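Biologist: Before we trust any label on this model, I'd like to hear what each one rests on. Can you take me through them?

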There are 2 protein chains.
Amino acid sequence: MTERLVVIGGDAAGMSAASQARRRRGPDDLDIVVFERGHHTSYSACGIPYLVADVVHEAEELVARRPEEFRSRFAIEVHLRHEVVDIDLDRRQVGIRDLEAGSERRQGFDQLVVATGATPVRPRLAGVDAAGIYGVQVLDDGIALRRRLDRGGVARAVVVGGGYIGLEMAEALVQRGVEVALVEQGGQPMSTLDPDMGGLVADAMRSLGITLHLGESVTGFETADGELRAVVTTARRMAADLVVLGLGVRPNSQLARDAGLSVGTTGGIVTDRQMRTSIAGVWAAGDCVETFHRVSRRPIAIALGTHANKQGRVAGINLGKGYATFPGVVGTAATKICGVEIARTGLGEAEAEAAGFETEAVVVESTTRAGYFPGAALMKTKLIVERRSGRLLGAQIVGQENAAKRIDALAIALWNDMTVEDMTGLDLAYAPPFSPVWDPILIAARKAAERVEDTT
Amino acid sequence: MTERLVVIGGDAAGMSAASQARRRRGPDDLDIVVFERGHHTSYSACGIPYLVADVVHEAEELVARRPEEFRSRFAIEVHLRHEVVDIDLDRRQVGIRDLEAGSERRQGFDQLVVATGATPVRPRLAGVDAAGIYGVQVLDDGIALRRRLDRGGVARAVVVGGGYIGLEMAEALVQRGVEVALVEQGGQPMSTLDPDMGGLVADAMRSLGITLHLGESVTGFETADGELRAVVTTARRMAADLVVLGLGVRPNSQLARDAGLSVGTTGGIVTDRQMRTSIAGVWAAGDCVETFHRVSRRPIAIALGTHANKQGRVAGINLGKGYATFPGVVGTAATKICGVEIARTGLGEAEAEAAGFETEAVVVESTTRAGYFPGAALMKTKLIVERRSGRLLGAQIVGQENAAKRIDALAIALWNDMTVEDMTGLDLAYAPPFSPVWDPILIAARKAAERVEDTT
């Protein structure tokens, strides 16, 4: 008998799950229906800042696959602008609202994938709903913001929040010729970096002409006729034509919680490593779930397309009667702001202490190529290691061109519980165009190993 | 009582050993004397092609540290143009020839580091000693070749051998405006790559205007008045103004062998993991030793500055009464030819079969950045895995900008005996400027894992 799979959310996690399920179960065995409340499927949310910057010219370029393609090539039915408003686990039904028609209906399922994504944090402040204030969570947000900039007349913008999105949007706005101020509650942008490395990012941002207001919070927005006029913080008032909210996101798990699915302390839906929820036949994947941090061994919710894709794939393989597991994360991430690249993996110093580790840390400065080779650029590499054992707990990189992606090597060393002493022997690629004879990772490992030796 | 350390060879391995020994033992405890037969210490041999290309302008830029600096900062006595001509292990003495003065003397030692490097393979062919035929092993070779090109009148060059040096010298000569032909005995350049990946390198070379004569050997050189006129191969005769020999190197272990030190089947001096030779107090490091290949579990001799530095460091730490080990290699290497980057690690398909593995291999094409991001370039990634277990045995990359250094991540996965199934879950850095949402490594791991699954 044909089973029906309903997928809630048609972006990375949902569509990966649907595609993998289809790979393993034909249309006669599994009917697949996807409901997506937005206008697009399978797009790159991480590409939105580059659309706004006009580095990517058309929103369509960010869309990997359109609904028609899912339908014709994979026999996956996708309904855009359809929001799932409730899940009835007893009756195995979801309630659906057609956002265009305004009508509602119910749809039964045998298998369900919850891939509802994340919701941007939107502070409840006076004026926050004024025209001119933008979140950037879904592609529609990015398109709206891009159109606003294209219309002209945006001279001054304020970015609220100094995380990945805040940084990338600040870069985008600078590239669009806008004067940018960034308000960040913490003492540095990129709070996922340690303060010393975050300080380097602050320097880079200032050198681009971005004004940083650190240690400040937004208290409200001044508006006139529903239009933004100014941003008010704990320390100042700034006239602004545009505000971008980059205060992070939280798992969009309310629908799941209301249905009775288990939701964790992070706010993410709880799954096992096969991406099964607490209810049989109900799966969850992507930004709406909480996952396992392999170093801290704690649950964590990280909204990132790469995890969403992998988790969706795992859910799809398993509900397709294969076997796959999602092994957790080590918190690897990268971004750039103009010529400065930023990357991190594992735990920062404070995170490591909070997780109960005693730590040592080293920072080394080196070059991305042999010092004599044209294009050799500076990079700083920080390693956070467990005192005595010398086990790598985390790494951070801030540097120029070709710096950030080197974090992958450190992420894999971390993944495999390597010590810095072990890492001093690693066989990394050496050639003058790619690395000094002592690779930056080896230099950092050596220095960290010496530090560990000195303290034991 | 002060011990005396004699170091034979003042390049990467020898000077690393001397420096590390000094870090741990002061001048009152250890007297350090280095004999180097060339004109330079501690230079980047891997930088020679870039000096020839005039990408690096001055030979001095390749010299990391000069003898005066070793003397004044580290109390390490370095004698340039002094060749060690024999080692007397019974009397603990070396015989030294002063190449400038022509005189000889003997020098006692308590500890000895043999760091005699490698010798280029120079075929015994008619005319091979003619003016215009260059090896490129030591910096003096590179300087001589650079001067020849600077003098002008070099229109046609033949590079003999299609390995790393041959490739890099071909690139250098093209950059100097010379018409280049390359003669390679095998069916492809870069025999350290599998044929499919080597074929991509051949295509890249041809597109630069380099003529490839594959499956041919040089049988002799035509000369007139001691000057090169033409190169004769098994298939043709080519007029040439210049020849570069890039036929590889072999460990320079004759001195050690004559002294009675154990030399392995690879021709390299045998050491343990602390870099001790078969005789107490005698250490060896760098291109003159054989090391352990962690995947094939066989001895291998690889001439590469990064290994030389590490091995020298290990020898120096141990003879400085510390403790360090060299863990072996996985054969990681990278190079580029103009815009095409090449990298490999572990075993190729044929090497893996020869080492007794049954293998599967996959090749995937992907982009270095998100497909929609400016600068996204093509790269091919090949994984060689053990059949059934899915353990990664080797990887090869041929691609455009920012492709090669990604091999490090694969080298570390290999180092840690990861399976491709494990690798599908790796937490690698994703952001549109650095990677597609499925990193090329993850795509390759997925495809390889599916292949392994299909065959078991």
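Modeller: Sure, starting with contact: two residues are in contact if their C-beta atoms, placed from the backbone, lie within 7 Å. By that rule, the contact between the chains takes 51 residues from chain B and 51 residues from chain A. Bear in mind that this is a predicted model, where local features need pLDDT of at least 70, side-chain atom pairs count only at pLDDT 80 or more, and totals for chains, interfaces and linings use all residues. Residues are numbered from 1 along each chain as its sequence is written, while chains are lettered from A and ligands numbered from 1 in the order in which they are written.

Biologist: Which elements give two or more residues to the side of chain B that touches chain A?

Modeller: Those are α8, β21 (333-337) and α10 (407-415) of chain B. The names come from DSSP runs numbered from the N terminus: helices are H or I with at least four residues, strands are E with at least two. Of these, α10(B) gives the most, with 7 residues.

Biologist: What makes up that side of chain B by class?

Modeller: It has 34 nonpolar, 10 polar and 7 charged residues. Here Ala, Val, Leu, Ile, Met, Phe, Trp, Tyr, Cys and Pro count as nonpolar, Asp, Glu, Lys and Arg as charged, and the others, Gly among them, as polar.

Biologist: Why is the relation between chain B and chain A called a two-fold axis?

Modeller: Copies are superposed by least squares on the C-alpha atoms of residues with pLDDT of at least 70 in both. Doing that, a rotation of 180 degrees with 0.0 Å of shift along its axis puts chain B on chain A, at an RMSD of 0.0 Å. That is the relation of a two-fold axis, so the name fits. In chain B, the C-alpha nearest the axis belongs to B:A409, 2.1 Å from it. Also, 100% of the contact residues of chain B recur in chain A, so the same surface serves both copies.

Biologist: Why are α10(A) and α10(B) called roughly parallel?

Modeller: Their axes are 8 Å apart and the helices pack at an angle of about 10 degrees. Axes are lines fitted to C-alpha atoms, for helices over the stretch in contact, and angles run from 0 to 180 degrees between N-to-C directions. Angles under 35 degrees count as roughly parallel, over 145 as roughly antiparallel, 65 to 115 as roughly perpendicular and the rest as oblique. So α10(A) is roughly parallel to α10(B). The residues that meet are A:D408, A:A409, A:I412 and A:A413 with B:D408, B:A409, B:I412 and B:A413. They divide into 6 nonpolar, no polar and 2 charged.

Biologist: And what makes α1(B) roughly parallel to α8(B)?

Modeller: Helix α1 (residues 12-24) and helix α8 (residues 305-319) of chain B pack at about 30 degrees, with axes 7 Å apart. That angle makes α1(B) roughly parallel to α8(B). By class, their contact has 10 nonpolar, 9 polar and 2 charged residues.

Biologist: Which way does α1(B) cross α8(B), left-handed or right-handed?

Modeller: The crossing is right-handed. The rule: left-handed if the near helix is turned anticlockwise from the far one by less than a right angle, right-handed if clockwise. α1(A) also passes α8(A) in a right-handed crossing, and α10(A) passes α10(B) in a right-handed one.
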